[in-house]
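I opened this model to take a few notes. I want the overall build, then the strands, then one residue up close.

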Amino acid sequence: MLGEQNKNGAVLGNFTTDIDGRIYLEGLEPQLVVIEEVSAPDGYIVSNGPQEMLLKPGQIHTVTFENVPKSPIIIKKIDSVTGEPLAGAKFRVTKMNGELIGEFTSGRYGYVTIPEQQPGWFTVVEILSPAGYKLNGAPINVEIKLNGDPAIVEFENTPLPGLLIRKVDATTGLGMAGVEFKIEKLNGERIGTYTSDEGGAIFIEGLTAQHILIREVATLPGYKIDTAEKLVELKEGELNTVEFENHPWPYLVIQKLDEDKNPLPGAVFKISALDGKEIGTYTTNEKGRIVLTGIDAQTVLVQEVQAPEGFALDDRVWEVELQWGMTTTITLKNVPLKIEVEVEKRGPVEAIAGQEIR
């Protein structure tokens with residue numbers, strides 16, 4: 001938005017650019033005007049300073065204002081030894097005057113992106129390190145310049161010696177809190193049972209060099225438990241890392257409707273694997289729906305084996321692909337049964353009014 005006033009300070013009006021970024025005014029009297037941008041488009045910085053223009057009769061005058069996009073602060077978090085990105089580090093970002101911008105946590109690929117910041121100096125400090133790593137608490141000052149470029153700052157963390165178990169969602173890579181693991185020595189002696197923290201991590205110090213067995217014993221609702229036991233070699237003075245994934249179950253929704261799109265309860269479906277092994281038989285509810293989960297990602301066969309009362313059976317077989325963490329919906333319709341009535345006339349050849357027909 002641009003504001004326009006004459007040299008005497010009388011405001012001529014505030015005007016907003018169109019989709020082409022232009023404002024066209026006509027009918028202005030010859031005079032000296034001052035034009036100033038009062039608000040910028042979202043994501044851009046207001047142009048610096050007003051511009052003066054002498055309007056002359058019979059001429060078209062053009063003035064141009066340029067906007068620079070607001071720049072992001074990008075924080076990169078890496079392992080100081082391997083250079084690998086680290087998720088789960090928490091940072092506090094402030095302006096140099098102490099004003100808090102916010103607290104942010106590094107994601108799956110070790111990045112934090114704080115968009116659309118005004119030019120100036122900022123302070124970034126790590127306030128929580130990823131599990132298994134030493135806190136890097138030294139603040140770093142970073143400048144956003146008036147050129148649209150992002151301000152990038154990198155933090156390294158030094159790994160601590162011990163065992164790090166990371167639990168992640170197999171589809172998103174995000175850490176999963178509240179998953180339980182049991183750790184044992186090879187001779188069966190139990191080391192302990194541990195639960196992943198809010199970042200999906202478990203860190204255990206003080207374990208001697210040895211081989212251990214780690215098994216997931218409880219996961220979150222909506223996920224398939226990873227029952228595979230993992231053999232891990234612990235080495236002295238190193239961070240020994242092992243990762244477990246959980247797949248979120250697929251969902252299969254079968255919707256049964258009549259020709260007018262009304263739900264049909266009571267339809268019975270058989271669900272089978274591609275090899276023909278039956279998974280189960282299920283019946284549509286009062287909303288004409290079956291909702292299934294707890295089935296591995298695969299292609300299944302869906303077949304109606306019993307139609308709702310008064311409707312014709314549609315026994316075609318449908319192949320439906322199920323994907324981890326995705327909902328797949330199949331909508332099927334039934335048509336009403338055709339009722340055919342055959343009347344056989346016995347008795348007089350000529351029908352008589354009021355005669356009963358059996």
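My entries below go from the whole chain down to a single side chain.

**Entry 1: the whole chain.** I am working with a predicted model. I looked up the secondary structure first. The chain has 28 strands and 0 helices. I then checked its extent. The radius of gyration is 35 Å, whereas a compact globule of 358 residues would come out near 21 Å. Along the principal axes, the C-alpha atoms fill a box of roughly 110 × 85 × 30 Å.

**Entry 2: burial and contacts.** I asked what share of the residues counts as buried. The figure is 33% of the 358 residues. I noted an accessible surface of about 21,700 Å² for the chain. Carbon and sulfur atoms hold 49% of that surface. I also looked at contact range. Among contacts with a separation of 6 or more, 57% join residues 24 or more positions apart.

**Entry 3: a four-stranded sheet.** I traced an open sheet of 4 strands in the order β16-β15-β18-β20, and its pairing is antiparallel. At the edges sit β16 (190–195) and β20 (230–234), each paired on one side only. From one strand to the next, the twist averages 25°. I followed the pairing of β18 (residues 210–218) with β20, and I found 5 bridges in the antiparallel sense. One residue pair I wrote down is His211 with its bridge partner Glu233 in β20.

**Entry 4: around β11.** Which strands pair with β11? Strand β8 (residues 90–95) pairs with β11 (residues 120–128) over 6 bridges, antiparallel. Here Val93 has Val124 of β11 as its bridge partner. Strand β12 (residues 140–144) is joined to β11 by 5 bridges, also antiparallel. On that side I noted Trp121, whose bridge partner in β12 is Glu143.

**Entry 5: Gln255.** I ended on one residue. Gln255 lies in strand β22 (residues 251–257). Is Gln255 buried or exposed? Gln255 counts as buried, because its relative accessibility is 11% and the cut-off for buried is under 20%. Next I looked for a polar partner. A polar atom of the Gln255 side chain lies 3.0 Å from the backbone oxygen of Lys287. I then listed the contacts of Gln255, leaving aside neighbours within four places in sequence. They are Pro263, Lys287, Gly288, Arg289, Ile330, Thr331 and Leu332. Lys287 thus turns up twice in my notes on Gln255, in the contact list and through its backbone oxygen.

Definitions and conventions:
Residues are numbered from 1 along each chain as its sequence is written. This is a predicted model: local features need pLDDT of at least 70, side-chain atom pairs count only at pLDDT 80 or more; totals for chains, interfaces and linings use all residues. Side-chain values use heavy atoms; hydrogens and water are left out. Helices (H or I, at least four residues) and strands (E, at least two) are DSSP runs, numbered from the N terminus. Buried means under 20% relative accessible area, exposed over 50%, partly exposed in between (1.4 Å probe, protein chains only). A polar contact is a pair of N or O atoms within 3.5 Å; within protein, one must be able to donate a hydrogen and the other to accept it, and residues adjacent in sequence count only if both atoms are side-chain atoms. Contact means heavy atoms within 4.5 Å. Two strands pair if DSSP finds at least two bridges between them. Axes are lines fitted to C-alpha atoms, for helices over the stretch in contact, and angles run from 0 to 180 degrees between N-to-C directions. The radius of gyration is taken over C-alpha atoms; the globule rule is 2.2 Å times the number of residues to the power 0.38. Accessible areas come from the Shrake-Rupley method with a 1.4 Å probe; for residues, only the protein chains shown count as cover.
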